[in-house]
Each structure stands twice: as structure tokens, then as C-alpha cells.
There are 2 protein chains.
Amino acid sequence: MEIVFQPDGKRVRVEKGITVMEAAIVAGVPLETVCGGKGVCGKCKVKLIKGRSLGEEIGEGLMLACKTKMISDAVIEIPVETRLLEQKILVGGMERKIPLNPNIRKVYLKLTKPSLSDQMADLNRITRALGKRDIIVENVRLGFIRQLPVKLRKSDFRVTVILVGNDLVGIEKGDTTGKKYGIAFDIGTTTVVGYLVDLNTGKEVSYASRMNPQVVYGDDVVSRIDFAKTDVGLRKLNDKIMQALDEIIDEVSVGIDKENVYEMSIVGNTCMLHLFLNIPPTSLALSPYVSALKGPVDIRASELGIKVNDDANIHVLPTIAGFVGADTVGVLLASLLDEGDDVRLAIDIGTNVEIALGSKEKIIACSAAAGPAFEGAHIQHGMRAAPGAIHRVSISDGDVRVETIDDAKARGITGSGLVDAVAEMLKSEVINHSGKISDDPEITSLYGDRLIQEKDGAAFILAEGITVTQSDIRELQLAKGAIYAGAHILMKELGVKTHDIAEILLAGAFGTYMPKENAQVIGLIPDIPLDRVKDIGNAAGVGSKMALISKNARLRAEIISKKVGYVELSGRKDFQDEFMDAMFFPHANLDYFPHVKKLLANSISFR
Amino acid sequence: MEIVFQPDGKRVRVEKGITVMEAAIVAGVPLETVCGGKGVCGKCKVKLIKGRSLGEEIGEGLMLACKTKMISDAVIEIPVETRLLEQKILVGGMERKIPLNPNIRKVYLKLTKPSLSDQMADLNRITRALGKRDIIVENVRLGFIRQLPVKLRKSDFRVTVILVGNDLVGIEKGDTTGKKYGIAFDIGTTTVVGYLVDLNTGKEVSYASRMNPQVVYGDDVVSRIDFAKTDVGLRKLNDKIMQALDEIIDEVSVGIDKENVYEMSIVGNTCMLHLFLNIPPTSLALSPYVSALKGPVDIRASELGIKVNDDANIHVLPTIAGFVGADTVGVLLASLLDEGDDVRLAIDIGTNVEIALGSKEKIIACSAAAGPAFEGAHIQHGMRAAPGAIHRVSISDGDVRVETIDDAKARGITGSGLVDAVAEMLKSEVINHSGKISDDPEITSLYGDRLIQEKDGAAFILAEGITVTQSDIRELQLAKGAIYAGAHILMKELGVKTHDIAEILLAGAFGTYMPKENAQVIGLIPDIPLDRVKDIGNAAGVGSKMALISKNARLRAEIISKKVGYVELSGRKDFQDEFMDAMFFPHANLDYFPHVKKLLANSISFR
């Protein structure tokens, strides 16, 4: 059944019986609602232009979207006043509009004072006043009631109340509606980033990042899970991440009162979320790799010990599977993979790599254990992007050029520098199809002193004291092999060929700096025209920000979490073959890389 | 609009558009529901015999009560399988049936274990299994998720989960469904009572009571509120009541594990509830006498520091007004005042007296500041019911007889003893219509040495060392005057004459021991035939028990809380006059007491 929303013309395929409100969320068309779809506020008026529905007309051909169920194909018009205010957000240079309707509301109330003819209890006085504004209170925290009698009387019955969803959680004297902040977090295995957002405008105020201090207990997810086997280990990891969050909160909230931070959103891989919530992650690492929960989770700041307003709500986005976490949901939210007509491939490269492929019809995802090569670990001269790191390399006809960050003296090589170096070595035949450093006299004579033997094997000198070793190349082969094999298995599952992929979206810090052409040369990503390979920056973090400022984005996240299919690579018989083939540069089957094949034809002989 | 439920024939007047489920609750007809009225479980099937409704038929003329709205007078038949299991409960010797459907559920689950082809997250595995039993989970506590992975694997995926309402709160290894307890509390100003109930059967297992230890900070509500003015004072009062609850919990739960107590219900006057919840009660005592909340409140045991299962739910029943609290709601629940065809008068006599008058058509209530005379305070030889307390008195022709508790030597006089004594003194003309102790020579000669002058005035010797003083009589006049004036104002409000009152229900410990005839003689209660004056014991406590074992009772309590009209006596111009008139024995207007008037005609001359 198809519903078309006018004036945008957005189309969506839905099941019979869905409400117009639900269909609008799926279609990404934001509708105004104060009561949250309870049929009370009357804000979500829409017009049925074509099609059949179950529901009452409320005059002038209008119906409430939350109360109207669709039973046929339809065209629905959304009047201007029903459209929700939207906020622009940049995703990798592209502008996205998302509805500004945070889960947190502040409402200033001038209450009528009690008298012998109006003895209504304090709390009921508040809910009565809110009811006049169509706000229906569902729950009230005890802490709220305890403060209520004194705060009301000290403020002459003029107060600002704070609602998380439909729950009354806080009360402040006078009108404080102007001060309403939230923080969006992206908790990575290696890096933690926080963005302070003004929830009245949806705009980012500041951001800060930290190394995830859990790294002292293990570089990767598997070693963290191992460390968290005991209660003490779990507690230590939880303490570390809380400490990082506190530091980031302090840094981003300079100039505002932390008490005015009422909401936080969290994305991260499934393991990071377990450690953040202090849930034992052990079963994540053991076959059949089961997580404790899929999410989402909403929890009070005070219950987690996070130092913002005690009553703040911490929203943890939902995950897709044990190794495809809320960070991937964030990437999908930001990239709108679930709204596209064409098949696109999104790859989030961090310590773990998550890959998703699909369109609004269907999306599937998997996780690839690429290891930390792209972040410089296990690479002899690997380092992070910092002054002196080689991040660009070109090699031709015996000439080797490197670019370092800040043009400082070369101190090491970044992940993108390594991709560049290896691709250039391949094109100039310093290494061959299988990744082996050449001992061909023609090559050794051309590159002279750069080709050396270290105690662990052959190596190639990029700059003074900085080499790419045979073992570095093997690490990169394992990493890129895992990523390409994952992507290729998703392509097989969806029956998609390389040329069917409309776009490749690269997320994560590494994606931003990735030398795209050379990434294709080594076979890290499928061989499609380069103008369709886009970096979308820290899309997981952008997804976290979207969920912070928009309840619609949260609902979309839940839909994504439920509808994206997970492909468990370890459960597949074909994975080892795919992985072995993908370790070649660019691949054992060169037909998958037609452009790269042409490029290399002149420079390398395939054995 | 009237709905009749068959086969009971229960009738109820409701607003157009109400669901059959709601109407059934109002009518006190319990319907089966697993999903809580979400239209999911299909248990609440009913048959529309006559009338019109909005809703879908689901075959064989049956409809779901939760999904069917009534739009005309109707007759509805409830099939046997839709009827909820009921539990008998005794209220003052009368048997009431109430549906056994506690808010707490324990469900034993044998889960299928995860595998590579079923990687569902632990929590979703639980909710999937519950969903198959039509149980829809709404919220999950973080503590639940934290325990989940380990408990599941240590119990081979055989666990009992605990639900409060639709929230998942606890998990236990193996099948523990047999152990499910709750405690119903009645927190009085003077006495606190707790009843341990087996929630699998609805039966009381044990009970215990304590003096409310807050009495050291003040006898009555007003002095407690005064003491709670400061944070320190409030904290002390809260500590005291928590200590009493802990002691009672320890006493009633001998032989069971306190961890298996998952639910508590609380009634009490509005002030006691504020102190229990640690909410400043100051504004309750100051005009216009406003409480912080009307209730109900549901809160976690751990948040209040109550030592049962941390995840237990504490349900505080709703109140009617600042001085008509959840205890009165409990009395109305137990007495079914809201279901009766005839007008009845319920009086709960404690340190505060609450009075309610009405039928299923309408109920109004007020609070009377009777003071603690009935509990022995401010009475020279007043004492509680204990060995040696005079509790029955008869006087005639110069002869005075007293009965003491356990026939011990007289040590003092109880409230009921005082009512008896004063009524007997009135009938034998020792005092007159206005309460003055006689100095008539005929009387003084008859009662000889019993009529004495103490330093504070005249007194009458009941037994060796035990007198009723003129000032004791004045205290009783104030108390009974306040009660009768309150009752009489309610009668005026409802347009009810004495002979219209079908029954008088006396609740509270004092009600149980009340000498009913003599209570009428002094004009404490309206003058209706004695066989229609019933004591219903600790009805507030029974109401608390009903709310503990039955969600239907909680819903009824909420309806009562909203629909009972409150009459603020201090806001009425006629209260002082009514009060002055009611201080006479039995009343300034003897036409209100026709039988008493006849009775006294022979023995007393009215001046």
C-alpha cells in the first residue's frame, strides 16, 4: 500500500491499518503534535486527497493524523500549520532538515493561586494548567512532588516545569524556558565525542572529544569484554567511561549551568553501550554473540551518576545486533539510507567496521573485524593524525613523495597514509597482486636504497626512519579483506552487483581522510566511479545529535533498529573464501574491479 | 445512560462513549484482562444483548469490552470465562467478593536458548516469550537488564520474571511463582497496622500493629505538620514512620523471605501520606488547606528505603482532599458506599474524623476536627483499651455499674466508656441537656458521695479514683458536636433527612466498640433505628488490602477519589451555628432526634 504526502511528494510503502501519523514518520515527513498522538491536542490535522481511511472527519475535509488509519493507497496533503518546525543539519557537507521536537519540554506556568473555593492539590494544579495547553502528564517523579509545595509558594505560583516525554520531572522558579540544553554523545572504542546542543534552536553550541580511557584495559572490543568478565573489571571499565563523559560535559558546558542540561543521547557500538550501562557484556563475545538488550533505553541521569541535571533523561539509541550497534543506527539516521530509492553502501570505519547496504526497500548490515590497522595500531610506524604523520604518499618512476601533517618532519604514518603508500607501491610494482614486496631487479634498481631487509623481513622506506614493512602490508590486507568481504557478502545477499551501487558513504574519522581512489586500488571499497564515493564524517555523532533534538529521529531509529537485517558473517560457510579472495590487491577476481584492473594493467603483471 | 450487566443484574449510570471495560469497573463487575485493556489478549469478551455500541464484533455476537464504546442504554452479558476469579473479603462481618488481580505478576519462562540462527538479545527473548502469553511489556528497569545475562545463563534459561503492572522489574532463577506476597498498610495518626497477604490466593497470612512513633512529636495532625515545618523536623517524622513500617514488616514476614514481598499498598490521612513520602505538609495546615498531591502514587521500595524487595512497588492510594485522605477512600472501597442504591453515612472515627454520605448517584465528604477525646487524650482519666479500662457504664436509680477490660481493677476510662458514662448520666439526670453536672438536691441526694467538687470543678465518681469531670464532658461535647455538625451539613448539602439514611457505617477501632444506642443518646450519630447502625471495623485497612490484591479496586479508588465531592467546613457560614447546636445533648433541635427525645422525656427536663 503506498501513501504519497503532499506538497513534498514523499512516497512510502506501508502496511494496511497504519495511522497517517506513523506513515508520516516512516516517510520522514514531520507532523506537529503536542499530545504525542493521543488524539487530544488536535494539532496533527491532514487532508485526505485520494484513498480510503478509517477515522472521523473533523470538518473542512480535515482529519487527525494520529487517529486516522489508512486502508488503501492514498494521497494526503499536509497543511502548512501541521508541518513541524525543522532544523537544518549538515551531514558530510550535505544539508538535512530534521524536525525540532526534543523529548524534553520546558513550560512556563502562571498558576492561579489556591483559595477556599479552589483547594486543588498543588500537583493537580500543575497538571490542570498543562492540560489547558493539551499537555497530558503520564508520570510524576517523587522528587518533583517533594519540591513542589515550597517552590510554588516561594515563586508566587510562577514556575517553569520540565517534562521528559510526558513525565513531569523538574520545577524551577520563574521563567527559565530559555535555558534548555542537551548533549549528544558518540562513544567509540577509541574516541568519545560530545556535542552540546541548545534545544531551543537545535544548534550545536560546542563540542569536545577524548580518547576513550578504557583503552588502558584493552585496545579493542574483544579485550574489553574479556576484562569485564569479573564484576570488578566491569566496574572499572564503567568508571573509566563515566569519567570521560564527565570531563567532556565539563568542557562543553563552559558558560552554561550544567543543571540546564536535561537530556543526553548516546550512540556507540553494542559493547560500549553495555559498559556505559554497566551491563555484563560477556555473552557478546561468545558464540552465538548475544547482547543483553537491543534498546533503546531511557534512564535518569542520577541513576547512572552522570553529573548534569539529576532528572535529565539519558536516551541510549537502539542497536541492530551484537556487533552492529547504535553507532550504525546513527550512521543510517544521518545518511538517510532508509529513505533512498537507490541502493547505497555505508561503511563506518573505526576500530570495528560496520557495513550496511540497501535502500528504503530493504537494508542489511554486518560487522567486520578489521582490527585497528587504520588507527595506526599493529603498524610498525603507525600513528594517529598529528603533526609529522605521513598522510599522503605518491610514488612514480623511482620518485617517492610524502606529505606530513603541518609539513613537520615525518614521525610516522596514519591509516590513510598507509592506504596511500600501499596503493602507490602496488601501482609502481614495488609490491605485487598478493602484497609481496618485490625482489625483481628492475624494481630494486629503480628504488635503490628504499628497499631494505629488516630483521622481520622486507620493508620500504617512505621517509627518513619511516618504513612500510611486509608485515604492515599483511595487516592492511587483513583489514581491507575483512571489509570488502563483508560488503561483498551483503551485495550477494541483496543480489546487488558493483555497478548497482549508487553511492558509497564513508563514515568515521578515517572515512573523512581516506584517499578514495587509492582505497579502490587496494580493493578496500567496491569499484564505482569516484564522484559517487562520499565521506559523511562522524555520521554516528550526527545521528546522535538528530536523536537529541528530534523525537521523530528517535522513532526513525527504532524503526531502523527493527527493520535492518543482520548478517552474521561467522555463521556463513562462504565467509572464509570471500575473505581469502578479498585479501589480494585489489581482489582475486579482478572482474569485480574493472577500473582498477585497467589502471594496474600497465604497471603490474598478474601472477 | 444506563448499562445493566448480566447475569448479576448490576446497573450503572455512565457517560456516553465509555468503554464496556470502564463501565464494568464502575459497576464493580470484574472482567478478565491480561493485556490491561490494550485490545491484544482477547480475554475480555462480552455479549451485547440490547443497546448500541461502537466497536467490532469478533464472532458469535461477542465483542472486546476494552475496545467497545457504548452509545446507548444497554444490557451486556458477561460469559463465565470472562469473569475474573474473585476473592472473598470480610468487612465488618459482611462478605465482599473482589477480583483477585494484583498489580504484581510472576511468570515462569522456559526460554529457547540462543543460537547462531536465533541471536535475539536477552531482553527481547524475554519480551518475546511474554508476548506469546499476551503480556505486553511497557518499561524495563535498568537493574533488571544488569542481572539478565548472568541470571539467564546460570539458570539454563529457566527464570521467573516479575512484572509490576506492565513493567519488568525482577528476575529469579527457576520457578518461584509460588512465592508472591504483599503488605497492606493503614497508617493512622495514632496507630499503624500492616497485613501480609499471599498474592497467589488473596488471603491474609498475618498482621501486626504499632503505635505511630511520630506521636512523640505531637498527638494530632496539626502538631505534626507544625513539627514538619523545617527540613530536619520533616526528616525526623519520616524516619519514625519508616521505622514503624520496618518493624511491622519484620513481624508479619516471619516465616517468609522479605525478598518475596513485591507490592505494598498504603492508606492514611493526607498528612500521614505526606510524611510517609517525605513531602512538606505545611500548606495542609494553612488556609486554604492545600495538599501537594491528590495521588495515587506508585514508587519503588528502594527509592523510599523500605526493606522489602528493592523492586517492590509501593502503591499509595489516592486522597479526596487535604483532610479527607486515602484512609477515607479505603473506607469507601470497603463499604461499597459508591455502589449502593440507598443513601448511607460512613463515619471513620480516629484522631481525625472523616464523614462521607451518599450512594452510587453521588457522594460527598468532609473532615471534622473532633480531637483525640475518643482516644482518651485530654480526658482526666482517659486511657486506651487495656486491662482495667472502663468501657461500659450503666447508671439508674442511684446505682452505678462499670465494666472494665479483663474485669481488672478500674484504672481509667476508654472513649466508648466515656460515651456510655455521659449518656447514662444524661438519662439519669446527673447532667442536663447542655451538659452541666446537676446540683439539683434530688439528684445529689440520690448519687450521694459520687458527686464531688474537684479543684477544676464538679465531677462524678464512676469507680474508686476514676471520675468524669465537667471538663471531660465539655471535651466530649466538642468532639461529638463537630462530628454531628459535619454529618448534618453533608445531609443538608445532599437534601437528606435523618429518616432518609438507610445505614450508618462506623469505621475505625472506636466504631467497633462504640455503644451505639448511647452514641445516639448523646447525639454523636443521627437518630435512625439501631439495627441499621453497623460497625465495619478497620475499613480503611480493608480497603488497603483490597487495593493490594486487586487492580480493579485501585481503579475504583481512583474513580472514588475523583468523584467524591469535598465539603470544606471552614469555608461555610453555617458551620458555627451547626456546631453550637450539635454540642447540646443530643442536639439543640430535638426534632432531629425523635427516638432519643422520647427516651429522655421521662428522665430529664429540658431547659
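**Strand pairing, fold and contact in a predicted model**

Me: What makes β3 (residues 45-50) of chain B and β5 (residues 62-64) of chain B a pair in this predicted model?
Reply: Three bridges join the two strands, which run antiparallel. Pairing takes at least two bridges, so β3(B) and β5(B) count as paired. One of the partnerships is B:Lys45 with B:Leu64 in β5(B).

Me: How do you know that β3(B) pairs with β7 (residues 74-77) of chain B?
Reply: Set the bridges against the rule. Three bridges link β3(B) and β7(B), in the antiparallel sense. The rule asks for at least two, so this is a pair. B:Leu48 stands opposite B:Ile76 in β7(B).

Me: Why is chain A called as compact as a globular protein of that length?
Reply: Its radius of gyration is 27 Å. The globule rule gives 25 Å for 607 residues. The two values are close, so the description holds for chain A. The C-alpha trace of chain A spans about 105 × 55 × 45 Å along its principal axes.

Me: What makes a residue of chain A buried, and what percentage of the 607 residues is buried?
Reply: The cut-off is 20 or more other C-beta atoms within 10 Å of its own. By that test, 50% of the 607 residues in chain A are buried.

Me: What makes up the side of chain B that touches chain A, by class?
Reply: The contact takes 35 residues from chain B and 35 from chain A. The largest share of the chain B side, seven residues, comes from α3(B). By class, that side has 19 nonpolar, 10 polar and six charged residues.

How values were computed
Residues are numbered from 1 along each chain as its sequence is written. Chains are lettered from A and ligands numbered from 1 in the order in which they are written. This is a predicted model: local features need pLDDT of at least 70, side-chain atom pairs count only at pLDDT 80 or more; totals for chains, interfaces and linings use all residues. Two residues are in contact if their C-beta atoms, placed from the backbone, lie within 7 Å. Helices (H or I, at least four residues) and strands (E, at least two) are DSSP runs, numbered from the N terminus. Ala, Val, Leu, Ile, Met, Phe, Trp, Tyr, Cys and Pro count as nonpolar, Asp, Glu, Lys and Arg as charged, and the others, Gly among them, as polar. The radius of gyration is taken over C-alpha atoms; the globule rule is 2.2 Å times the number of residues to the power 0.38. A residue is buried if 20 or more other C-beta atoms lie within 10 Å of its own, exposed if 12 or fewer, and partly exposed in between; C-beta atoms are placed from the backbone.
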